[in-house]
Amino acid sequence: DIDIFTANLHMHRLGTSASLTIERTTGETDCLLSIPDWDFDWQRSYVLQETVRLNEGDKLALSCTWDNPTDQDVFWGEGTGDEMCLGIMMMSLPQ
């Protein structure tokens with residue numbers, strides 16, 4: 001088991017939406033962070049109101065959506081003109 005304290009989503013300028021969820025072994029889904037209308041300036045850590053426990057067997061799911069309004073190819077990369085999809089969390093073993 002792992003306790004999760006913060007969640008962060010990271011994309012660049014072509015991102016339109018992103019979410020970080022837990023798919024529970026019970027079949028339920030818990031949302032850690034959802035940004036349905038992505039803004040490049042929202043790339044920061046969000047402290048969860050309550051610590052969330054990730055139990056053995058649960059799965060983390062990361063979803064990102066982009067819109068490329070040009071006919072140019074976009075590649076993964078660290079530059080602002082590139083794109084990526086990262087889910088970042090601060091977590092620890094339960095006390």
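Reader: Hi! Is Asp 58 buried or exposed?
Author: Asp 58 is buried, with a relative accessible area of 12%. Buried means under 20% relative accessible area, exposed over 50%, and partly exposed in between (1.4 Å probe, protein chains only).

Reader: Thanks! What should I know about the model itself?
Author: This is a predicted model, where local features need pLDDT of at least 70, side-chain atom pairs count only at pLDDT 80 or more, and totals for chains, interfaces and linings use all residues. Residues are numbered from 1 along each chain as its sequence is written, and side-chain values use heavy atoms, with hydrogens and water left out.

Reader: Cool. Which side chain does Asp 58 meet in a salt bridge?
Author: That would be Arg 24, at 2.6 Å from N to O. A salt bridge is a side-chain nitrogen of Lys or Arg within 4 Å of a carboxyl oxygen of Asp or Glu.

Reader: And which residues are linked with Arg 24 in a network?
Author: Asp 30 and Asp 58 are linked with Arg 24 in a network of salt bridges. The Asp 30 to Arg 24 contact is 2.7 Å, N to O. Arg 24 is buried at 14% relative accessibility, while Asp 30 is partly exposed at 29%.

Reader: New topic: how many salt bridges are there in the whole structure?
Author: A search of the whole structure finds three. One of them joins Asp 3 and Arg 53, with the closest N and O atoms 2.4 Å apart.

Reader: How buried or exposed are those two?
Author: Asp 3 counts as buried at 10% relative accessibility, and Arg 53 as partly exposed at 35%.
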